[in-house]
Amino acid sequence: MANYKVKIKGTGMYVPEKVLSNFDLEKLVDTSDQWIYERTGIKNRRICSTEGGEWPTDMALKATLDALKTAKLEPNDIDMILFGSVTPDYKLPNSATVLQTKLGITNNCAALDIAAACSGFVYGLNMAQSMIKTGMVKNVLVVGSEMLSREVNWEDRNTCILFGDGCGVAIVGRNEDNDESDVISCYLGADGTGKEFFDQPVGGAVEPITTDHLEKKNYFMQMKGKEMFKVATRTLAQNAKRVLEDAGMDLSQVDWLVPHQANVRIIETTGKLLGIEPEKVIVNIDKYANTSAATIPMAFHEAIQEGKIKRGDIVLFDAFGAGLTTGATLFRY
Ligand code: UT7
């Protein structure tokens, strides 16, 4: 069987224009800029317009057009779209097919949504790389795009301060440049027993939204923050060790850790558990808050734009989220 090298050929991101600051939130719920910043590291988040033009697939379209330019590819060069999101445009059809049409793709490429919450992008990337390695597909568009502002209860200070909207994408494909870029090792996992730590049980087949739910406003995302915090730090550290061990590498060889951006204290604790220098950890949660599947591709793209992450660097993506899902990717960019 073929064993092609895999390269991230292009990246892109889009965030909505509207900025919602901690001070704005002080007017909505009983909170303060100081509490939010000290406990989470968040200052601002972006909020999609509900007038149209900033739905999850619109954000993905804009991010993808930039990524295609960098990759020097055309929309029809994409063989597959994997769209990580828990906030799709519609229940049906999936967001990947909506994006396919918006991109003007006419090659009937496969198009699949991945509902793995904050791990959605890493799930997509790891699935994509395995299909590229075997030769099944050549170029995959992996997306993380979320409009969480639609799913949070803006009267619940436990959750509404944490989340934001945004999108990050990567075009990952067969490395035909004969350079060192490749995915070195990766991991995907889940533990369904932690489902009650972060869920949204109302609105699905089991419990459709009724007028009663609308009155009680209990159909939003809900989270047990402390439990999530503990699992997150443990899981992120385990993931990193696992992929490094599989690769026969150690942390000193990693140039950049790009962790899921849920809370700066989770990131710092994970960094301490691993013993990685803080300068090697990419953090942008202050600007965008937790954008679920979009955090890792957005942080990665920004770090490239800022000249931090360069070609040839060893990068480690590390994600966890509702489910509980988790995953990591170790690669040479
Ligand atoms: O993407 C994956 C999903 N996300 C996560 O994994 C997030 C994980 N969890 C967290 O980031 C943190 O647990 C939170 C930021 C959610 C909460 O931080 P914490 O340090 O665990 O705070 P806490 O829940 O223990 O609350 C401490 C106090 C409480 O008051 P009392 O009981 O001590 O009087 C809360 O009621 O802070 C209060 N509080 C707030 N105060 C001001 C809770 N939320 C707020 C708020 N503003 N927004």
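A quick definition before we start: a residue counts as near the ligand if one of its heavy atoms lies within 4 Å of it. Keep in mind that this is a predicted model.

So, who is around the ligand? There are 23 residues around it. Coming nearest are Thr31, Arg39, Lys226, Asn263 and Asn290.

Now the polar contacts. Start with Lys226. An N or O atom in the Lys226 side chain is 2.6 Å from an oxygen atom of the ligand. Next, Asn263. One of the ligand's oxygen atoms has a polar side-chain atom of Asn263 at 2.7 Å. Then the backbone. A polar backbone atom of Gly225 is 3.0 Å from a nitrogen atom of the ligand.

How much of the ligand does the protein cover? On its own, the ligand has 960 Å² of accessible area, and the protein covers 74% of that.

Where does the ligand sit? In the second largest pocket. Three elements give two or more residues each to the shell: α2, residues 33-40, α7, residues 225-247, and α8, residues 264-274. The largest share comes from α7, with 4 residues.

Now step back to the domains. Domain 1 spans 6-174, and domain 2 spans 182-332. Each of them gives at least three residues to the shell around the ligand.

Last point, the chemistry of that shell. What is the split by class? We have 11 nonpolar residues, 7 polar and 5 charged.

To recap. The ligand sits in the second largest pocket, with residues drawn from both domain 1 and domain 2. Lys226 and Asn263 are among the residues that come nearest. That's it from me.

Note on methods:
Residues are numbered from 1 along each chain as its sequence is written. This is a predicted model: local features need pLDDT of at least 70, side-chain atom pairs count only at pLDDT 80 or more; totals for chains, interfaces and linings use all residues. Side-chain values use heavy atoms; hydrogens and water are left out. A polar contact is a pair of N or O atoms within 3.5 Å; within protein, one must be able to donate a hydrogen and the other to accept it, and residues adjacent in sequence count only if both atoms are side-chain atoms. Accessible areas come from the Shrake-Rupley method with a 1.4 Å probe; for residues, only the protein chains shown count as cover. On a 1 Å grid over the protein atoms alone, a cavity is a set of points where a 1.4 Å probe fits but cannot get out, and a pocket is an open set with protein on both sides within 12 Å along at least five of seven lines; lining residues have an atom within 4 Å of a point. A molecule sits in a cavity or pocket if more than half of its atoms lie within 2 Å of its grid points. Ala, Val, Leu, Ile, Met, Phe, Trp, Tyr, Cys and Pro count as nonpolar, Asp, Glu, Lys and Arg as charged, and the others, Gly among them, as polar. Domain bounds come from an automatic or database domain assignment.
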